[in-house]
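Welcome to this short tour! Please open the structure in your viewer and keep the selection tool handy.

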Amino acid sequence: LSDPSTSRPWYARAFGARYRDVYAHRDDASARAEARFAFDALGGGADAAWLDVGCGAGRHAIALKERGARVVGLDYSPELLAAARARGLDRLLRADMRSLPFADAAFDAISFFFTSFGYFDDEENRAVLREARRASRPSGKLLLDLPDVFNLRATLKPFDVVESDAGTTTNRRALVGRRVEKQVLFSPKDGSPPLAYVESVRLYEPDELDALLAGVGFKTTRRFGSFDGREPGRGDRHIVVAEAKR
Ligand SMILES: C[S@@+](CC[C@H](N)C(=O)[O-])C[C@H]1O[C@@H](n2cnc3c(N)ncnc32)[C@H](O)[C@@H]1O
């Protein structure tokens, strides 16, 4: 996606210091419930070596750590990693998910919470999963928390305005080929300049995602429509649990 204001790719711009203001509704309370669900679904167990890819400010990593997992948070955004560090997380790493700086078979569980997958073209998205498989021990577990494509297509709001304590966010959304693209304009209340950026995420239908996972050595074992455990297709999320094949 071309972003006229910069040559940096969209994912290097969208997740800056203001990200948490724009997504203020995605808070620690929701993350704690999601992490608990993931911990049970992945059979984490105390001491599990757990990698949270796209950990952001560490919402889920903190909750997983509280449950006894040995969590490493990986992210590309220096600002969000600094926020995670300020919140007491110490096992944090800045890296690109397409090339994970870990030994083979290092992790029992790998999570991608809140749409942290689908940012690149198809080949690079595949590379992300290939890397996750390489870093997974045999029988290791993977969790992808993605939007439900069918729900998203049916309910997409082309335009909305969201007020939060920190400012006003104007969102414009469109389905473009197999991606959902969003133009965001955030106007802070503190008088600092407005911020404009784009997000662009490849949408995968369940069958296509299963095939993609199978191609890199993961087998889908369960899926849910929400973190409350409801059936797939009955919620706005597509939560996939997969297992690394030997
Ligand atoms: C939608 S946010 C979700 C953050 C976090 N999981 C949460 O729920 O609060 C996606 C995260 O992926 C990170 N990210 C974007 N591109 C990345 C890349 N190439 N490699 C690693 N992380 C990346 C962003 O910085 C951001 O923190």
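Which helix gives the largest share of the lining of the second largest pocket? Keep that in mind as you look around; this is a predicted model.

**Stop 1: the pocket.** Select Arg 8, Tyr 11, Ala 12, Arg 13, Phe 15 and Gly 16, then add Tyr 76, Ser 77, Pro 78, Glu 79, Arg 94 and Leu 195. These residues line the second largest pocket, which holds about 180 Å³ of space. Now colour helix H1 (10-13) and helix H5 (78-86): each gives the lining at least two residues. The helix we asked about is H1, with 3 residues. Try colouring the lining by residue type as well, and you will find 6 nonpolar, 2 polar and 4 charged residues.

**Stop 2: the ligand and its shell.** Next, select the ligand and the 22 residues around it. Those that come nearest are Gly 54, Arg 59, Asp 75, Met 97 and Tyr 119. Helix H4 (59-66) and strand S2 (70-75) each supply at least two residues of this shell. By type, the shell has 13 nonpolar, 6 polar and 3 charged residues.

**Stop 3: the polar contacts.** Zoom in on Arg 59, where an N or O atom of the side chain is 2.6 Å from an oxygen atom of the ligand. Move on to Asp 96: one of its polar side-chain atoms lies 3.3 Å from a ligand nitrogen atom. At Met 97, choose the backbone, since a backbone N or O atom there lies 2.9 Å from a nitrogen atom of the ligand. Finally, show the protein surface: the ligand on its own has 590 Å² of accessible area, and the protein covers 97% of that.

Notes. Residues numbered from 1 in each chain as written. Predicted model: local features only at pLDDT ≥ 70, side-chain atom pairs only at ≥ 80, totals over all residues. Heavy atoms only, no water. Near = heavy atom within 4 Å. Polar contact = N/O pair within 3.5 Å; in protein donor to acceptor, adjacent residues only side chain to side chain. Areas by Shrake-Rupley, 256 points an atom, 1.4 Å probe, with all protein chains shown as cover. Helix = DSSP H or I, 4+ residues; strand = E, 2+ residues; numbered from the N terminus. Nonpolar A, V, L, I, M, F, W, Y, C, P; charged D, E, K, R; others polar. 1 Å grid on protein atoms, 1.4 Å probe; cavity = no way out; pocket = protein on both sides within 12 Å on 5 of 7 lines; lining within 4 Å. Points joined across faces, edges and corners; volume = space filled by probe spheres on them.
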